[in-house]
Every structure is written in C-alpha cells, then in structure tokens.
Amino acid sequence: MTASLETTDLRKAFGGVTALDGATVRFRHGQVNALIGPNGSGKTTFFNCVTGMIRPDSGRTTYRGADITRKAPHAIARAGIGRTFQLCRVFPRMTALDNVLAAVRPGGVLGGLRGARSRAQTDRAREWLTRLGIEHLTDVEARNMSWGQQKLLELAGVLMADPETVLLDEPAGGVNPALLDRIGTLVRELNAEGRTFVIVEHNMDLVMSISDHIVVFDRGRPIAEGPPSMIRTDERVLGAYLGV
Amino acid sequence: MPSGALLFQSVILGLLLGGLYALLAAGLTLYFGIMRVVMIAHSAFLILAAYLAWFTHERLGIDPLLSMVVTVPLFFAAGVLMQRGLLSRLRPMTLTMMSVLLTFAIAVLIEGLLGYAFTGTQRRIQLGYGSASIGLFGARIAVVKLIAFGLAAVALLALYLLMKKTKFGWALRATIQQPDAARLVGIDTEKIAGYGFGLGLATAAIGGTALSLDTTIYPSLHWHWIGPLMAIIVVGGLGSVPGAAAAALLLGLMQSLLQIPMGTTWAQTIFYLALFATLAFRPQGFFGGRLAQRF
Amino acid sequence: MPSASDTVTAPGAAPAPPGPAAGRPRLGRVLTIAAVVALAAAVLAFPGLAPNPYILSAGIVVLNYAVLSTSWNFVGGFTGYISLGHGALAGLGGYGTGLLVTKAGLPSLAALVLAMLLVALIAVPIGFAALRVRGASFVIVSIALVLIMLLVFQSWASVTGGSRGLVVPRPFPDLLRPEHHRVFYYLYAGLLALALGVWWLIDRSRFGLGLKAIREDEDKAEALGTPTFAYKLVVFVVSAAFTALSGGLYALWFGDLDPVFQFSILTGSYMVLMALLGGVRNLFGPLVGALVVGTALEFFKGSFGNTPLHLVATGVLLGLVVMFMPDGVLPALRNLFARFDRTRQSSIREVSAAELRDQRLQSTGGKA
C-alpha cells in the first residue's frame with residue numbers, strides 16, 4: 001500500500017500546551033482514512049499543520065514523496081490537497097455559484113483577468129452543485145443558507161479545485177441523519193472515482209461504515225491504527241476515550 | 001562625540017519618556033487583548049486629558065495633577081460606554097476594520113471639538129515648579145519630567161497589581177486569554193470587557209495629565225503620539241503588555257539618543273523604522289505576543 | 001450597479017435554472033444603465049453649465065475625490081482591507097510629479113507617468129510589510145505611512161521645499177484660467193473612467209473573485225488555493241498607481257504643494273468615508289460617495305472656510321456610517337427596490353449559519 005500523505009514526528013505546542021507530540025502517520029493512497037480520538041487529542045491541529053495553516057515546531061510532512069512542511073497553504077492546496085473546516089467555512093456574501101467558482105485556478109497572470117464566469121467553469125461549477133443536491137441554491141448567497149446547505153456548499157467548493165486528496169474536518173458535525181447518509185455515500189462514490197480521503201470525525205457510525213483505515217489519536221500522537229474491525233476491539237482506543 | 005554627561009542625560013530622558021510610552025501602550029494593548037481593537041482614539045483622549053489638565057490650571061487655578069480626580073473616573077466611564085454602546089455593537093465579522101474606523105472617527109471628532117473649544121493655539125502649563133531641575137552626575141533633569149514619570153510608573157504598577165492580584169484582574173485576564181472558558185466559570189465577559197476598556201482609557205487620563213506638565217499641546221498633537229504608540233505595540237507583539245513595556249522603554253531610549261546626532265524630528269523616524277522592520281521580518285513582534293500572527 | 005458577486009445579477013451567466021432568481025434583474029439593470037448614462041452625461045456637461053471658474057474648480061476637486069476614493073476601493077472594496085493612509089500615496093504622486101518637473105526638467109506628462117510608476121514601485125515594500133499579517137497591522141502601517149511622509153517632506157526642505165511649499169509649473173502655460181480648469185476637468189473625468197473601467201474588469205475576473213474571497217474569509221481562500229498574499233499585493237500596487245496618478249494630476253492642476261495638505265490624514269479618511277458611504281462593494285459606490293461628501297465639503301469650505309467643524313462633521317459622519325450603514329447607500333437603495341418586487345424571496349432560509357457564526361463570534365468577543 002503506498003502512502004500519499006505522510007507525517008514524521010510532527011510537534012506543535014501552544015504556549016505550555018502540547019497539541020502534537022511527535023505525530024508520525026501514513027495515510028493510504030486511494031483509501032478512505034479516518035482520524036479519530038477524544039476531544040483535544042490534536043486532530044484539528046494535525047490538519048492545520050498538514051495544510052500549512054499552522055507551522056509545526058518540528059517534524060515534516062510529505063505528499064507523494066515531496067516535502068510540503070514549510071509550504072504556504074495555497075501551495076499545498078495546489079499540490080492536490082483540499083480541505084474543509086471544522087466550523088464549516090464558506091464565503092458568506094457570495095452566491096453558491098461564486099463560492100464554487102472561487103476554487104478555480106486562474107492559470108497565470110493573464111488567466112486571472114479572464115472572466116470569472118467562463119462557460120466551461122460555470123458548467124463545471126453547476127455540475128458540482130447538482131451532484132451535491134444544492135443546484136436550486138445556485139444564485140443564493142451563502143449566508144442565507146442553512147447549516148447543512150453550507151456544509152454541502154463548502155464541499156462543492158473544495159471538489160471544484162479537483163483535489164486528489166480531501167481532508168474533511170468533522171463532516172457530520174451538526175447535520176441531520178438524512179444528510180449524514182448522503183455525505184457518507186458521497187464520500188464512498190468519490191473514493192471509488194479515485195480520491196483519497198482523510199476524515200476527522202466523532203460520529204463512530206459514520207467512521208466505521210465508510211473508512212478503510214482508521215488512525216486513533218490521543219494526546220497529540222497516534223496510539224493505534226488499522227481497519228474498523230480491529231479498532232472496534234482495540235483496548236487502547238477504549239482506554240483513550242474513557243480516559244483510563 | 002557627545003560628552004558623557006549629555007549621553008547620560010539622554011539616557012535618563014529617554015527612560016523617563018519611555019515610562020510614559022509604556023503606560024499608554026499598556027492601555028492600547030489592553031483594548032487589543034480584549035477585543036482585537038486598535039484604538040486610534042487613545043491618543044486623542046490623551047490630548048483631551050492634557051487639555052483638561054491645562055484648563056484646570058489655567059482657568060481654575062488649581063494644580064493640574066488634581067484634574068485627575070475628575071478625568072480618571074470620567075475617562076473610565078467613557079471607556080465603558082464606548083465599549084458597551086459602540087464597539088460591541090459592530091458586526092463580529094468585520095470588527096477589526098470597522099472598529100479602527102470608528103475609533104478613528106472618534107479621534108477626528110475629539111480633535112475637531114478641541115479645536116473648536118480651545119482654538120488651534122498652542123498651550124502650555126506654566127507651573128511654579130516648572131523650571132526646577134535637579135542635577136545628577138552632570139545631567140540636568142527637569143522636576144516635572146520626574147513627576148510625569150512617577151505618575152506613569154505608579155499607574156503602571158497599579159495596573160499590574162490590579163491585573164495580577166485582584167479578582168477583577170483575574171477575570172479580565174481570563175476574558176482576554178480564554179473567553180469561552182471564562183464564561184464557563186461564570187465570568188460576565190461582556191461586563192469585564194467594558195471595564196477593561198474603561199481601564200485602558202483611564203491610563204490615557206493619567207498619561208495626558210503627565211504629558212501636560214511639560215509639553216506644549218495643540219489639538220492635532222495626538223497624531224504625533226498614535227504613530228509611535230502603534231509602532232510600540234506592534235514591536236512588542238500585539239497583545240503583550242510586558243512586550244509593549246519593553247518596546248516602549250527601548251524605543252523611547254533610542255529616540256532620545258538619536259536626537260543628539262539627528263535632531264528631534266528625524267529621531268521620530270526610529271519608531272516607523274522599527275515598525276516596518278518588525279512587520280517585514282518578525283510580524284509576531286519581538287517580545288512574544290502569540291496573538292499577533294493572525295492580526 | 002451591483003458588483004458581480006451580488007445575488008441579484010449574474011451577467012454573462014447562462015440563463016439561471018427556473019428558480020427564484022429568474023426574471024428579477026431586468027428592471028434593475030435597465031434602471032442601473034439609465035442612471036449610469038445620466039451620471040456620465042451630467043459629468044461631461046458640467047463644465048458647460050458651470051457659471052464661473054470657481055464652481056468649475058470645485059467640480060475638479062470633487063472629481064479628484066471621486067478618482068481617489070475609486071482608487072482606494074481597489075483595496076478596500078475587493079479585499080476588505082481598510083487603508084487610512086492612501087492620502088500619503090496621493091501626496092507621493094503629487095510630489096513625485098512636481099519634483100520630476102521642477103528638479104529633473106521632465107515634461108509634465110512624462111513626469112506624471114514616471115511618478116506613478118515610482119509610487120507603484122514604492123508600494124511593493126510597503127505592501128510587503130503591511131499585508132503579510134492580517135487586518136490590524138495593515139491599518140497601523142497605513143496611518144504610519146502618512147505620518148512618516150509628513151515628517152520627511154516637512155523636514156527635508158532642501159528638496160521638497162518643506163513648509164514653504166513646492167511650486168509646480170503649469171503644463172499648459174498658454175491657456176487662460178477657465179480653459180486650464182476645463183482641460184483638467186476632462187483629464188480627471190478620463191482618469192475616473194479609466195479607474196472605473198479597470199475596477200469593473202477586475203470585478204468580473206477570476207482575480208477579482210479571488211480578492212473577494214479574501215474579503216469574505218482569507219483562511220478559506222488560501223485553503224482553496226488562492227495565493228492570498230500575492231493577490232493582495234498586486235491589487236494594492238494597482239490601487240497605489242491610480243491614487244498616485246490622481247495626486248500627480250492635482251499637482252499639475254493646482255501648481256502648489258504643501259506637505260501639511262498633501263500628507264494630511266484627512267485625505268485618507270475622506271476616501272474611506274466616501275467609499276463607505278456609497279458602498280464599497282459597488283463599482284459606483286465611491287463615486288456616489290464622492291459626489292455627496294465632496295460637494296458638501298466644497299460647499300462648507302466656500303461658506304465657512306476651514307474650521308475645526310470640518311473635523312467634527314467628518315468624524316460624526318464616519319462614525320454614523322460605520323455604525324448604521326457599513327454597506328453604504330447603494331445597497332440600501334437596492335434593498336429598497338427589492339422590497340417592491342418581492343417575488344423572488346423564497347423560503348430557503350432555515351437557520352442561517354452565518355448568523356450562527358456571528359453569534360458564536362460575538363460570544364467569544366470577536367475572536368476568530
């Protein structure tokens with residue numbers, strides 16, 4: 001199994017609080033990876049370090065063999081890693097269409113001056129909106145949408161950039177069961193099309209049903225990993241969650 | 001090469017000036033810590049307090065230091081009102097930018113009102129003890145400068161004790177560092193934030209009185225203060241009080257020393273050079289301040 | 001005219017699917033175009049209608065404000081970064097032009113263009129320092145810029161003339177005063193058209209969409225692959241160039257520069273006030289704001305001269321706009337229109353997540 005995203009001994013402390021304590025993780029290419037662990041175990045910090053939003057104190061991250069540790073977030077995004085945020089982030093005063101179009105790479109200096117709503121890109125954007133079932137909101141500003149709609153919109157934007165690897169930070173957070181099912185199905189479909197996923201999630205039903213590989217974090221480092229069936233019975237995992 | 005006595009005198013004067021900078025920068029840092037607000041009107045309130053001190057002395061014939069009996073509580077109230085009535089009502093999403101504009105507007109308003117009330121004429125307090133000075137190893141230090149520094153030092157010390165030793169200070173620090181957690185343990189963060197602003201503005205009242213003792217004041221003087229003060233809080237690392245104090249003393253000292261070869265006007269540029277250098281090379285400031293990176 | 005990112009318009013887009021948005025824009029567009037044509041006609045006809053050169057020169061001053069606030073809006077409107085120091089860039093453009101004419105003996109036009117290029121060049125390191133970090137530091141640098149420039153240009157009297165001022169020879173010595181005004185009026189009108197055109201072009205481009213994404217959520221834009229720092233820097237330089245052109249033109253027209261006025265903190269605050277009052281997310285917002293505020297300023301100056309009341313009025317007005325109308329007049333007007341044909345309001349709203357987030361932010365004292 002080849003690793004697509006790999007970290008070696010990532011460390012990060014905020015003041016006196018150690019958020020990442022030597023995290024060495026390999027995520028598998030072409031699979032749905034899940035990252036679970038109790039609150040405060042460093043999952044979101046890990047995401048932020050991998051995507052360049054936070055600089056780790058030490059350690060390194062490689063993506064498909066290339067070192068991306070010190071790269072700017074946009075460069076990492078362009079290398080093929082897309083991400084969503086824990087508290088779903090969209091551009092509030094932009095329409096759904098613009099939200100998705102904002103992910104289009106301009107393509108050089110002159111490309112930047114081309115119209116944002118070129119036919120080809122608009123069509124692609126509409127396709128994503130349709131696929132996520134929010135095409136009826138195309139011209140609605142994001143701030144006027146419900147929480148669930150915004151989550152779908154955020155995902156549409158991330159996918160518009162056509163990332164090879166998608167990091168989802170709590171996709172199930174605050175969504176209703178019907179939507180949860182839809183997100184689960186979508187992840188499996190997109191994975192079947194060749195996208196790698198890394199998902200931070202607290203909803204164990206979702207994690208167990210869609211992941212191929214699970215990494216368990218506790219106190220800033222992985223304590224166990226393996227397929228769902230194994231994780232389910234791992235005592236260390238139970239211990240971490242129960243605080244034993 | 002300037003004589004040793006001149007150098008020594010400059011060092012003393014620089015530290016005295018730095019003390020005042022430190023007090024004022026502490027106020028600015030407080031606002032920034034509480035609400036991420038860059039309070040442009042801070043120095044306008046400073047000049048306002050200086051005018052009130054001048055007025056007390058000139059028109060009422062009372063020692064300017066006594067004006068603080070009125071201005072300190074008054075400014076405290078104004079600070080609370082400003083935070084509760086204006087700044088906390090801005091949209092959170094655009095708070096940083098809009099609060100700067102709002103406090104800028106207040107600064108311009110105060111400047112205009114001062115010009116209207118007292119005209120643009122330059123004012124200066126003539127004190128009985130204004131020209132007295134003491135000699136120290138060949139340096140001559142004006143007594144009023146010492147009084148001004150003493151005021152600033154006492155106020156800073158009081159602020160420090162308030163922050164570290166009292167229940168209010170504990171609540172204020174909690175509000176600044178962990179607002180969510182502060183609410184969880186039952187702190188009324190909104191009220192505390194208002195009081196924090198009041199406290200910040202009270203430092204401007206004390207600073208203004210100290211300033212009025214030996215400075216010629218005019219309505220637009222506040223622009224000469226806000227620039228250096230903003231440079232100080234950036235160099236110190238936005239949000240860090242000890243950082244601001246250290247930067248204030250250091251930059252005050254450098255300004256004072258640079259006045260010898262460069263003259264007063266050019267010496268001011270040190271603040272802006274420090275500001276640009278900090279932002280270009282070390283945006284989080286030189287003295288900690290972990291908040292700075294994101295703002 | 002609404003900016004391209006607003007809900008109501010989707011110019012150039014394929015016909016919207018049969019949904020809430022269809023049909024609505026037509027009336028609005030016609031009205032917008034009519035208003036723009038009327039405005040353009042009024043601007044062009046003004047010199048013929050102005051009863052005396054004084055009124056015409058007031059018209060030039062207002063146009064100068066319009067160009068300045070439109071230039072400011074390249075940064076303020078697209079990225080949401082508020083600069084209070086654009087006055088310094090205008091002042092640099094003015095002094096640059098003036099010094100290149102008087103000291104280097106360049107022809108006026110060449111001096112104007114070269115000064116613009118120089119200011120754009122200077123804007124790179126300034127932007128580098130100011131834009132690396134978010135928000136607050138940018139405003140701090142922008143204010144500091146004005147204060148530094150005032151300091152330098154007042155003190156460096158051997159070159160700049162200091163407080164004695166710098167006299168810039170007229171570019172057209174043969175013209176009589178009214179003619180001179182008329183020429184500059186149209187030069188300013190042309191510059192305004194150019195600035196508006198470039199703003200419009202960026203507004204509908206991918207670059208512009210990226211800038212607006214920065215305004216909405218910078219981290220998010222960065223995570224989507226937008227090189228936010230480069231984008232901000234580029235648009236800041238463009239903004240500086242237009243601001244410098246306006247300042248340079250002013251130097252050539254007015255012919256006398258004084259640091260106190262060229263590097264006044266007020267110039268920058270006027271730009272912000274005008275743009276904000278009109279509406280920063282709208283192409284014509286700053287222009288409308290400049291027409292209102294600029295005309296009022298000129299009127300008060302004519303009636304009462306320079307008094308501290310200028311400051312009081314500016315402060316109060318800016319405060320009111322920030323507190324009660326941060327989106328400006330034009331969006332307010334459009335909402336008024338929208339209320340008349342409400343058909344397109346559908347009931348998609350369940351819980352607005354933006355509101356949720358706002359509440360959440362509010363509860364944390366605005367920390368994100």
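In the predicted model, 43 residues of chain C are in contact with 50 residues of chain B. On the chain C side of this interface, the elements that give two or more residues are α4 (108-131), α5 (136-155), α12 (265-278), α14 (309-324) and α16 (353-363). The largest share comes from α5(C), which supplies 11 residues. Classified by residue type, the side of chain C that touches chain B comprises 27 nonpolar, 12 polar and 4 charged residues.

Helix α12(C), one of the elements that touch chain B, also packs against α2 (residues 53-79) of chain C. The axes of the two helices lie 8 Å apart and form an angle of about 75°. Because angles of 65 to 115 degrees count as roughly perpendicular, α2(C) is described as roughly perpendicular to α12(C). From α2(C), the residues C:Tyr65, C:Leu68, C:Ser69, C:Trp72, C:Asn73, C:Gly76 and C:Gly77 take part in this contact, and they meet C:Tyr270, C:Met271, C:Val272, C:Met274 and C:Ala275 of α12(C). The contact of α2(C) with α12(C) contains 8 nonpolar and 4 polar residues, with no charged residues.

For chain B, an unreviewed UniProt entry lists residues 6-30, 37-56, 62-82, 94-117, 137-163, 192-213, 225-251 and 263-281 under "transmembrane region". Two of these listed spans were examined in the model. Residues 94-117 of chain B are 96% helix and 0% strand, with the end C-alpha atoms 34 Å apart. In residues 225-251 of chain B, the chain is 81% helix and 0% strand, and a distance of 13 Å separates the end C-alpha atoms.

How values were computed:
Residues are numbered from 1 along each chain as its sequence is written. Chains are lettered from A and ligands numbered from 1 in the order in which they are written. This is a predicted model: local features need pLDDT of at least 70, side-chain atom pairs count only at pLDDT 80 or more; totals for chains, interfaces and linings use all residues. Two residues are in contact if their C-beta atoms, placed from the backbone, lie within 7 Å. Helices (H or I, at least four residues) and strands (E, at least two) are DSSP runs, numbered from the N terminus. Ala, Val, Leu, Ile, Met, Phe, Trp, Tyr, Cys and Pro count as nonpolar, Asp, Glu, Lys and Arg as charged, and the others, Gly among them, as polar. Axes are lines fitted to C-alpha atoms, for helices over the stretch in contact, and angles run from 0 to 180 degrees between N-to-C directions. Angles under 35 degrees count as roughly parallel, over 145 as roughly antiparallel, 65 to 115 as roughly perpendicular and the rest as oblique. UniProt positions are given in the numbering used here, feature names are shortened, and annotations may be inferred rather than shown by experiment.
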